[in-house]
Amino acid sequence: MRLEIMPELPAELLDESWDFYQDCFSDLQFLAVNRHLMYRSEFDEVMADKRVGKYVAFDDEDGAVIGMGTLTNELESIPLISAEYFKYHFPELYEQHRLFYCLFAGSALGHRGQGVFVALQRAMYAPIGEVDGKVFFDICSYNEERHQLPRMIAVILSRAAEAGRAQPTRLDAQSFWMYEFPKSDAPFRREERRSGYNRGRPDGGTDRRVARV
């Protein structure tokens, strides 16, 4: 595996990286109410934005993309998070650019992706450790409950951090509620029904090892 850090993704890698991104994270279209996947135009903008670091892992044999992650401490570059939240709650860290956001990180399935996700997380921790910073992720309920992703990331970052420990803290959470209108002859009260990932994907797809965060 070869890992490269780039301020801007070369044009010749855009199509392959987009395919990898979709392959890694397309399941979230069926498992999360919020839109977690970028459109192609948004993806291309992020890949060209030098405020966002690109961490790309390549296979040693054929040079294919087998892992990818993005990280930024320029929070204004990400339109779907509130930079004002962090400016209010962490004014010094915000002003000093010591708050980092990981847009996504993922690795290929199977043997090709073995160890790639860990390598990505370690490489992405390096600039955070240099400034004694903090990093945050956006993790949907599926990845939190099914894959225990916050705990897994904490374990990986703890091994990479000089202090030897990564302490996770939930910053926020959002839930979506649906209201139904049962007929008058239906029971008024019933056990709460959960939908979404408990039912599985409609196309019969399988779980993927991802972090989107």
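The following paragraphs describe the fold, the buried and exposed residues, and the salt bridges of a predicted model.

The secondary structure of the protein chain comprises 8 helices and 6 strands. In sequence order, these elements follow the pattern β-α-α-α-β-β-α-α-β-α-β-α-α-β. Of the contacts in the protein chain with a separation of 6 or more, 70% are accounted for by residues 24 or more positions apart. Buried residues constitute 40% of the 213 residues. The accessible surface of the chain amounts to about 13400 Å², and carbon and sulfur atoms contribute 49% of this area.

Helix α6 spans residues 116-130 and contains 15 residues. The distance from its first C-alpha to its last is 22 Å, close to the 21 Å expected at 1.5 Å a residue. The buried residues of α6 are V116, F117, L120, Q121, A123, M124, Y125 and I128. The helix is followed by D132, which has a positive phi, near 55°. D132 is exposed, its relative accessible area being 57%.

Residue F86 is located in helix α4 (residues 83-89). With a relative accessible area of 6%, F86 is buried. Residues up to four places away in sequence being left out, F86 touches L75, P91, Y94, L99, F136 and L171. One of these partners, L99, is separated from F86 by 13 residues in sequence and by 8.2 Å in space, C-alpha to C-alpha.

A nonpolar patch on the surface, of about 530 Å², is formed by W177, Y179 and F181. Y179 is placed in the loop between α8 (149-160) and β6 (210-211). The relative accessible area of Y179 is 66%, and this residue is therefore classed as exposed, the threshold being over 50%.

No disulfides are present, the count being 0. A disulfide is a covalent bond that links the sulfur atoms of two cysteines. C24 is buried, with a relative accessible area of 5%, and C140 is likewise buried, at 6%.

Side chains of opposite charge can pair when their charged atoms come close. In the model, the count of salt bridges is 8. One of them joins R2 to E4, with the closest N and O atoms 2.9 Å apart. R2 is partly exposed at 38% relative accessibility, and E4 is also partly exposed, with a relative accessible area of 30%.

A further salt bridge is formed between D62 and R112, whose closest N and O atoms lie 3.2 Å apart. D62 belongs to the loop between β2 (53-58) and β3 (65-72), whereas R112 belongs to the loop between β4 (99-107) and α6, so the pair ties together parts that are 50 residues apart in sequence. R112 is partly exposed, with a relative accessible area of 37%.

The side chain of D132, the residue with positive phi after α6, meets that of R98 in a salt bridge with an N to O distance of 3.8 Å. Because D132 lies in the loop between α6 and β5 (134-137) and R98 in the loop between α5 (91-95) and β4, this pair ties together parts that are 34 residues apart in sequence. In addition, D15, R40 and D44 are joined into one network by salt bridges that share partners.

Conventions
Residues are numbered from 1 along each chain as its sequence is written. This is a predicted model: local features need pLDDT of at least 70, side-chain atom pairs count only at pLDDT 80 or more; totals for chains, interfaces and linings use all residues. Side-chain values use heavy atoms; hydrogens and water are left out. Helices (H or I, at least four residues) and strands (E, at least two) are DSSP runs, numbered from the N terminus. The expected span of a helix is 1.5 Å times one less than its number of residues. Buried means under 20% relative accessible area, exposed over 50%, partly exposed in between (1.4 Å probe, protein chains only). Patches are made of residues with over 30% relative accessible area and no salt bridge: like charges are joined within 9 Å, nonpolar side chains (Val, Leu, Ile, Met, Phe, Trp, Tyr) within 5 Å. Accessible areas come from the Shrake-Rupley method with a 1.4 Å probe; for residues, only the protein chains shown count as cover. A salt bridge is a side-chain nitrogen of Lys or Arg within 4 Å of a carboxyl oxygen of Asp or Glu. Contact means heavy atoms within 4.5 Å. A disulfide is a pair of cysteine sulfur atoms within 2.5 Å.
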